[in-house]
Amino acid sequence: MGDEVVLLDFCASMFAMRARVALAEKGVKYENREEDLRNKSSLLLQMNPVHKMIPVLIHNGKPICESLIIVQYVDEVWRDKAPLLPSDPYQRARSRFWADFIDKKLYVASRKIWGTKGEEQEAGKKEFIEALKQLEGELGDRPYFEGESFGFLDIALIPFYSWFYAYETFGNFSTEAECPKLIEWAKRCMQRESVSKSLADPKKVYESLVNWV
């Protein structure tokens, strides 16, 4: 008997995309269960009673919650293929720091772009672009955030790429004009099948946001 792996998912969720990319990088076969976020399943509520949110990875009946924790778990359990986190403790700490930055700075600012209007939206747009520029500086001239190989920090950030169209449409700006090197990095990541098949269609992300707001 092999591992039983189930992912409680929502297609347009950038956090769920992280889990999908990590599982694809490792070649893990799993059952994908799409959740209705307006009418959450009893399984989701049972498996994540604290936050009641996706994604949840269920591995042999045991739930793992929160996207970055899921990515680290996948890396530790299926360690025989495509290491995601650096082996060096300092580099591993650096990757976790910037992943935390993405969730605390970039994500929070991004919500203001599509969820607010006027001055608050403008402030969110400015914060979002500043955060992207900081990430672009951290990337430097490397092909990936982890250096020569695609890894944990790339997985933490790349799902945002499928939301850029929505941010740009709501906020009336160009990410490529502001952060050209970051867009080059994103296009490089999209050449990987694990990424291109795991990310949601940008137009569908935008449509889901229009319906949501």
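Here are some questions and answers about how the descriptions of this predicted model follow from its computed values.

Q: Why is Arg18 called buried?
A: Happy to start there: buried means under 20% relative accessible area. Arg18 has 1% relative accessibility, so Arg18 counts as buried. This arginine lies in helix α1, which covers residues 14–26.

Q: What makes the pairing of Arg18 with Asp103 a polar contact?
A: The cut-off for a pair of N or O atoms is 3.5 Å. The side chains of Arg18 and Asp103 come to 2.8 Å, and this counts as a polar contact. Beyond its neighbours within four places in sequence, Arg18 is also in contact with several other residues, including Ser67, Leu68, Val71, Ile155 and Phe160.

Q: Why are α1 and α4 called oblique to each other?
A: Good one to work through. The two helices pack at an angle of about 140°. Angles over 145 degrees would count as roughly antiparallel, and 65 to 115 as roughly perpendicular. The angle between α1 and α4 falls in neither range, nor under 35 degrees, and the helices are therefore oblique. Their axes are 13 Å apart, and the contact is made by Met14, Phe15 and Arg18 of α1 with Ile102, Asp103 and Tyr107 of α4.

Q: How do you know that Ser162 is buried?
A: Set its value against the cut-off of 20%: Ser162 has 2% relative accessibility, so Ser162 counts as buried. This serine is found in the loop between α6 (152–157) and α7 (164–171). Not counting residues up to four places away in sequence, Ser162 touches Met17, Leu199, Ala200, Pro202 and Val205.

Q: What does the side chain of Ser162 reach at 2.8 Å?
A: That partner is the backbone oxygen of Pro159. The distance of 2.8 Å is within the 3.5 Å cut-off for a polar contact.

Q: Why is Trp212 called partly exposed?
A: Partly exposed sits between the 20% limit for buried and the 50% limit for exposed. Trp212 has 45% relative accessibility, so this tryptophan counts as partly exposed. Trp212 is found in helix α11, residues 202–212. Outside its neighbours within four places in sequence, Trp212 is in contact with Leu37, Arg38 and Trp114. The C-alpha atoms of Trp212 and Gly115 are 9.5 Å apart, although 97 residues separate the two along the chain.

Q: What makes up the largest nonpolar core?
A: The largest nonpolar core has 60 residues, and Leu106, Phe128, Leu157, Tyr167 and Trp185 have the most contacts inside it. Helix α4 (residues 89–115) gives the most to this core, with eight residues. Both domain 1 (5–77) and domain 2 (89–211) supply at least three residues each to this core. As a general point, nonpolar side chains tend to be buried together in soluble globular proteins.

Q: Which residues are in contact with Tyr167, leaving aside its neighbours within four places in sequence?
A: Tyr167 is in contact with Met14, Ser110, Ile113, Trp114, Phe128, Phe160, Asn172 and Phe173.

Q: What covers the buried residues of α3?
A: The cover includes α1, β3 (56–59), β4 (62–65), α4 and α6. The buried residues of this helix (67–77) are Ser67, Leu68, Ile70, Val71, Gln72, Val74 and Asp75.

Q: How far apart do the C-alpha centres of domain 1 and domain 2 lie?
A: These centres lie 21 Å apart. The contact takes 15 residues from domain 1 and 23 residues from domain 2.

Definitions and conventions: Residues numbered from 1 in each chain as written. Predicted model: local features only at pLDDT ≥ 70, side-chain atom pairs only at ≥ 80, totals over all residues. Heavy atoms only, no water. Core = buried A, V, L, I, M, F, W, Y, C linked by side-chain atoms within 4.5 Å. Buried < 20%, exposed > 50% of the residue type's maximum accessible area, 1.4 Å probe, protein only. Helix = DSSP H or I, 4+ residues; strand = E, 2+ residues; numbered from the N terminus. Domains from an automatic or database assignment. Contact = heavy atoms within 4.5 Å. Polar contact = N/O pair within 3.5 Å; in protein donor to acceptor, adjacent residues only side chain to side chain. Axes fitted to C-alpha atoms, helices over the stretch in contact; angles between N-to-C directions.
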